[in-house]
Amino acid sequence: MVFSASHSVFIICRDAAGIAGNIFAFGLFLSPIHTYRRIIRNRSTEEFSGLPYIYALLNCLICTWYGSPLVSSDNLLIMTVNSAGAVFQLVYIALFIMYAEKSKKVRMLGFLLADFGLVAIIVFGSLQMTDLVMRRLIVGLLSCVSLISMFASPMFIINLVIRTKSVEFMPFYLSLSTFLMSTSFFLYGIFNYDLFIYVPNGIGTILGIVQLALYFYYKDSSKEDSREPLIAPYP
C-alpha cells in the first residue's frame, strides 16, 4: 500500500514536471520570432545563419521518435514537446529558405533533406530491432547525444559574453526559458528513472544557471543600444 502511494506520487510529480517543461519550451520555440520579423521586414536573411534551425529540427525529430510508444511507452510528454518543436523549426526553415539567397536556399534544402534522411535511417533501423529494450537503449543514446550537443552549443555565446563583457547577444528570457525547461525535464527524467532524459537536461540546467549568472554579472556593463545576434538562438 505504501509502495503504491509512493509510486502514485512519483507519477504525479513526473507528469507535473513534464507539463511544466512543455510550457517553458514554448519560450525557446518562440525566441527566434524577433529575428524573423527582421528577416521578413528586410526580405533578406542578411548574415543570419539557418544552421541552428536545421540542427534543432534534427534534435526534435530524434527525441520525438524516442518519446513515441514504439520506443518508450512512458515518455508521451517528451514526444509532444519535441513534435511541437519540430513544427516550429520547419516553419523557421521554410521562412529562411523563402528569403535567403539562391546559394543559401540550395544549401538549406540539402541540409533539410539530410535531416529527414538521417531520421528515416534511425527510424527504419530501430524498427528492425525486435528487442524493445535494445531499441530503447540505442534510440535513447542517440537522443541523449543530440541533446547534450544542443545544450553545449550556448558555450559559444557564454564565451562571447565573457570576452565582450556584454549580454547583448544573450537575451535574458531565452536564458531563463532554457533554465526552466531544462530543470523541468531534469526532474521529469529523475521521476521517470530515465537517464537519457535527466543526464542531458541536468547539463542543460547547469548551463542555464551559468548563463543567468553571467547575465546578472555583466548586464550593467552592456551597451544601451544592443544589436540583434548574428546567429539566432534556438531550442
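What radius of gyration would a compact globule with 235 residues have, and what value does the protein have? A compact globule of that length would have a radius of gyration near 18 Å, and the protein has 19 Å, which agrees with the expectation. The model behind these values is predicted, and every number below is computed from it.

**Overall form**

The secondary structure of the protein consists of nine helices and zero strands, so that reading along the sequence gives the pattern α-α-α-α-α-α-α-α-α. Along its principal axes, the C-alpha trace spans about 60 × 40 × 25 Å. Buried residues account for 45% of the 235 residues. When contacts between residues at least 6 apart in sequence are considered, 79% of them join residues that are at least 24 apart.

**Surface and charges**

Turning to the outside, the protein exposes about 12400 Å², and carbon and sulfur atoms supply 73% of that area. The protein has 16 positive and 13 negative charges, and the mean positions of these two groups are 6 Å apart.

**Aromatic pairs**

A pair of aromatic rings is described by the distance of the centres and the angle of the planes. The count for this protein comes to 16 aromatic pairs, and two of them are set out in the table.

| Pair | Centre to centre | Angle between planes | Arrangement |
|---|---|---|---|
| Tyr53 and Tyr92 | 5.7 Å | 55 degrees | tilted |
| Phe172 and Tyr173 | 5.3 Å | 70 degrees | edge-to-face |

Where in the protein do Tyr53 and Tyr92 lie? Tyr53 lies in helix α3, which covers residues 51-67, while Tyr92 lies in helix α4, which covers residues 76-99, so the pair ties together parts that are 39 residues apart in sequence. Both Tyr53 and Tyr92 are buried. The angle of 55 degrees between their planes makes the pair tilted, because only planes over 60 degrees apart count as edge-to-face and those under 30 degrees apart count as stacked.

Are the residues of the other pair in the table buried or exposed? Phe172 is partly exposed, with a relative accessible area of 23%, whereas Tyr173, at 64% relative accessibility, counts as exposed. The cut-offs explain these labels, because a residue is called exposed over 50% and buried under 20%, with partly exposed in between.

Tyr53 and Tyr92 also belong to a wider arrangement, since ring pairs link Phe26, Phe29, Tyr36, Tyr53, Phe88 and Tyr92 into a cluster.

Technical notes: Residues numbered from 1 in each chain as written. Predicted model: local features only at pLDDT ≥ 70, side-chain atom pairs only at ≥ 80, totals over all residues. Heavy atoms only, no water. Helix = DSSP H or I, 4+ residues; strand = E, 2+ residues; numbered from the N terminus. Rg over C-alpha atoms; globule rule 2.2 N^0.38 Å. Buried < 20%, exposed > 50% of the residue type's maximum accessible area, 1.4 Å probe, protein only. Contact = heavy atoms within 4.5 Å. Areas by Shrake-Rupley, 256 points an atom, 1.4 Å probe, with all protein chains shown as cover. Lys, Arg positive; Asp, Glu negative; His and termini not counted. Charge placed at Lys NZ, Arg CZ, Asp CG, Glu CD. Phe/Tyr/Trp six-rings, centres within 6.5 Å; stacked < 30°, edge-to-face > 60°.
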